Amino acid sequence: MEEHGTTPPGDGTTPLVGAASGLRRSLLRRTLLRRVLPTAAAAGLGITGIAGVAHGAVGSTPRAAADFPTWGTRWVVHASADTGSPAVGMINASAPGKDRITADYQVNTGRRVCEGNACSTYMAHLTRPVSGFLTVVAVDIPQDRLPDIPVQGGPPPGPGAARREMLARAATWLTADNGSQVPYSQSQVWKDGYRQDCSGYVSMALRLPTPGTNTVGLATDRGLTRPISLGALRGGDLLVDASGDNNNRHVVIFEKWDDAAHSSYTAFEQRGDHGTDHRNLTYGLPGGDPEFTPYRPVVFGD
């Protein structure tokens with residue numbers, strides 16, 4: 001299908017920053033998502049001998065826990081689902097990726113923390129090797145929250161958080177293939193389970209069920225989107241050409257207008273003969289391809 005993007009947008013989110021002076025930040029360099037620094041690390045605090053107990057944990061019945069790998073060094077485990085809460089332990093104190101964690105639930109804090117291309121609002125509740133809360137960006141997975149782990153507690157995301165999360169997820173495919181964009185394919189699925197065409201890409205960004213819906217579904221399913229005007233476009237909205245066959249249909253993710261005249265916009269897209277892209281477009285605008293219509297994902301709630 002010929003389906004007609006490099007640094008994620010600045011959106012005021014908080015980068016993960018180590019607070020203790022003299023802390024060594026010897027991180028395992030990865031080409032996927034986890035190019036991040038530990039949060040508020042306490043110098044010299046190791047895992048051995050730490051008997052910290054998580055405070056402020058959300059009450060719940062015990063759940064089956066799951067194991068996950070980690071990466072990097074000196075990730076702080078916190079007393080509560082707040083990166084500003086006291087440290088109760090540390091992951092990978094002595095070597096990159098040394099420790100695996102076991103988590104039984106996760107909390108959407110409503111506060112998104114980022115470093116490089118990695119962003120998440122989630123903190124995982126650990127049962128081992130330390131009891132406490134760890135930011136999900138320390139976990140060596142391609143997602144920004146733990147798959148198949150219950151989400152509990154925490155405030156709902158603030159206004160605009162769903163849009164920012166979608167754009168951040170869209171940006172991950174720009175470097176997901178060992179530092180390069182995810183290649184285009186109508187038949188193949190990427191490591192996260194989503195089809196590698198334009199509608200699969202948008203489905204990934206919106207967290208729709210894998211392998212993703214098709215372009216027609218994104219335009220016609222009122223449980224997913226609703227039509228809007230061009231002037232109403234905001235970051236995370238879609239421009240969809242649902243006409244023709246699968247060699248002509250296409251969908252892109254609007255990020256921002258390029259100028260006050262709205263003569264072009266910056267968008268994320270998954271396009272044939274290239275793969276994931278982040279570039280200036282005029283689809284749907286006067287003088288551009290008239291087949292494109294703007295739509296708003298209903299998950300944004302506005």
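Buried, as used here, means a residue with under 20% relative accessible area. With that cut-off, 9 of the 11 residues of strand β6 (residues 118–128) are buried, so β6 is largely enclosed by the rest of the structure. Keep in mind that this is a predicted model.

**The big picture**

The protein chain has 302 residues, and 50% of them count as buried. Its secondary structure comes to 3 helices and 13 strands. The accessible surface of the chain is about 12700 Å², with 51% of that belonging to carbon and sulfur atoms.

How far can you trust the coordinates? The mean pLDDT of the chain is 79, and 75% of its residues reach 70 or more. Among the elements, β9 has the highest mean pLDDT, at 98, while strand β1 (residues 14–15) has the lowest, at 42. Over residues 1–64 the pLDDT is below 50, although this stretch still has 188 contacts in the model beyond near neighbours in sequence. Where pLDDT is low, the predicted coordinates should not be read in detail.

**The largest core and its helix**

The largest nonpolar core holds 27 residues, and the ones touching the most other members are Trp173, Leu238, Ile253 and Phe268. At least two residues of this core come from each of α1 (161–172), α2 (198–205), α3 (215–220), β9 (238–241) and β10 (250–257). Which element gives the most to this core? That would be α2, with 5 residues.

Helix α2 is mostly covered, with 8 of its 8 residues buried. These are Cys198, Ser199, Gly200, Tyr201, Val202, Ser203, Met204 and Ala205. The buried residues of α2 pack against α1, α3, β9, β10, β11 (265–271) and β12 (275–281). Cys198 lies in this helix and has a relative accessible area of 0%, so Cys198 counts as buried. From Cys198 to Gln186 it is 12 residues in sequence and 8.5 Å in space, C-alpha to C-alpha. Just after α2, Arg207 takes a positive phi of about 60°.

Back to Trp173: leaving aside residues up to four places away in sequence, its contacts include Tyr201 and Met204. Among the other residues that Trp173 touches are Trp190, Asp192, Tyr194, Arg195, Gln270 and Thr276.

**Strands around β9**

In a regular strand the side chains alternate between the two faces of the sheet. In β9, Leu238 and Val240 point one way, Leu239 and Asp241 point the other way, and all are buried. On the pairing side, β9 and β10 run antiparallel over 4 bridges, and Leu238 stands opposite Ile253 in β10. Strand β13 (residues 293–297) is also antiparallel to β9, joined to it by 3 bridges. There, Leu239 has Pro294 in β13 as its bridge partner.

**A second core, and the β6–β7 hairpin**

Apart from the largest core lies another one, of 22 residues, including Trp75, Ile91, Ala124 and Leu134. Ala124 and Leu134 turn up again as bridge partners, with Leu134 sitting in β7. The strands involved, β6 and β7 (residues 132–135), pair in the antiparallel sense over 4 bridges. A hairpin with 3 residues joins β6 to β7.

**Aromatic pairs**

The count of aromatic pairs comes to 7. Here are two of them, side by side.

| Pair | Centre to centre | Angle between planes | Arrangement |
|---|---|---|---|
| Trp257 and Tyr265 | 6.1 Å | 90° | edge-to-face |
| Tyr283 and Phe292 | 4.5 Å | 10° | stacked |

Why is the Trp257 and Tyr265 pair called edge-to-face? Planes over 60 degrees apart count as edge-to-face, and the planes of Trp257 and Tyr265 lie at 90°, so this pair fits. Phe254 joins Trp257 and Tyr265 in one aromatic cluster.

Are Trp257 and Tyr265 buried or exposed? Trp257 is buried, with a relative accessible area of 18%. Tyr265 is buried too, at 0%. As for the stacked pair, Tyr283 and Phe292 are both buried.

Definitions and conventions. Residues numbered from 1 in each chain as written. Predicted model: local features only at pLDDT ≥ 70, side-chain atom pairs only at ≥ 80, totals over all residues. Heavy atoms only, no water. Core = buried A, V, L, I, M, F, W, Y, C linked by side-chain atoms within 4.5 Å. Buried < 20%, exposed > 50% of the residue type's maximum accessible area, 1.4 Å probe, protein only. Contact = heavy atoms within 4.5 Å. Phe/Tyr/Trp six-rings, centres within 6.5 Å; stacked < 30°, edge-to-face > 60°. Areas by Shrake-Rupley, 256 points an atom, 1.4 Å probe, with all protein chains shown as cover. pLDDT = per-residue confidence, 0-100. Pairing = 2+ DSSP bridges.
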